[in-house]
Amino acid sequence: MPSAEAVPAALMAVMPPHDGADEQVDWEAMRRAWGVGFPYDYIAFMGLYGAGGIDDVLDVLTPEASPKPLDGPGLGGMAAETANLRHMWESAGGPDGIDAGPDAVVAWGVS
């Protein structure tokens with residue numbers, strides 16, 4: 001497994017960040033709100049690039065202060081996408097070899 005410092009360095013070699021792209025997040029508050037810790041690579045990515053799209057293929061979502069989705073059209077942020085993921089996980093099951101329930105997953109990006 002690469003070191004914590006190697007992951008951002010390798011990514012920056014192929015996708016340099018632009019000025020002002022970092023996302024300032026209180027990760028401890030996010031952990032408390034969501035009941036899970038966010039992975040280092042996502043935290044590092046948000047610190048380098050922030051939320052947004054990559055080549056119209058992947059949207060990296062901004063962490064939200066509440067895991068409860070807002071009601072209304074077009075509100076498909078992290079909470080809404082996580083609700084979708086958890087529903088799919090509950091009905092279809094998680095990936096083979098993963099022993100975790102739907103409450104353990106958070107959608108940090110969508111494609």
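Helix α3, which spans residues 40-48, has as its buried residues Tyr42, Ala44, Phe45 and Met46. In this predicted model, the helix is followed by Gly50, a residue whose phi is positive and lies near 75 degrees. The protein chain to which α3 belongs contains four helices and three strands, and, read from the N terminus on, its elements run in the order α-α-α-β-β-α-β.

The three strands form an open sheet in the order β1-β2-β3, with antiparallel pairing. The edge strands of this sheet are β1, covering residues 52-54, and β3, covering residues 109-110, each of which pairs on one side only. In general, the strands of a sheet pair through backbone hydrogen bonds, and the arrangement may be either parallel or antiparallel. Between β2 and β3, which run antiparallel, there are two bridges, and Asp59 has Val110 in β3 as its bridge partner.

Strand β2, made up of residues 58-60, also contains Val60, a residue that is buried, with a relative accessible area of 5%. When residues up to four places away in sequence are not counted, Val60 touches Tyr42, Phe45, Met46, Ala51, Gly52, Ile54, Trp108 and Gly109. Among these contacts of Val60 are Tyr42, Phe45 and Met46, which also appear among the buried residues of helix α3, while Gly52 and Ile54, likewise touched by Val60, fall within the residue range 52-54 of edge strand β1. Gly109, a further contact of Val60, belongs to the range 109-110 of edge strand β3. The C-alpha atoms of Val60 and Met78, two residues that stand 18 residues apart along the chain, are separated by 9.1 Å.

A second buried position is found in helix α4, which comprises residues 78-92 and includes Arg86. Although Arg86 is buried, it has no salt bridge, and the nearest side chain of opposite charge, that of Asp103, is 4.4 Å away; a salt bridge would require a side-chain nitrogen of Lys or Arg within 4 Å of a carboxyl oxygen of Asp or Glu. Asp103 is nevertheless one of the residues in contact with Arg86, together with Trp34, Pro102, Val105 and Val106, once neighbours within four places in sequence are left aside.

For the protein chain as a whole, buried residues make up 23% of the 111 residues. Of the contacts with a separation of 6 or more, 55% are accounted for by residues 24 or more positions apart. The accessible surface of the protein chain comes to about 7,300 Å², and 56% of this surface belongs to carbon and sulfur atoms.

Methods. Residues are numbered from 1 along each chain as its sequence is written. This is a predicted model: local features need pLDDT of at least 70, side-chain atom pairs count only at pLDDT 80 or more; totals for chains, interfaces and linings use all residues. Side-chain values use heavy atoms; hydrogens and water are left out. Buried means under 20% relative accessible area, exposed over 50%, partly exposed in between (1.4 Å probe, protein chains only). Contact means heavy atoms within 4.5 Å. Lys and Arg count as positive and Asp and Glu as negative; His and the chain ends are not counted. Two strands pair if DSSP finds at least two bridges between them. Accessible areas come from the Shrake-Rupley method with a 1.4 Å probe; for residues, only the protein chains shown count as cover.
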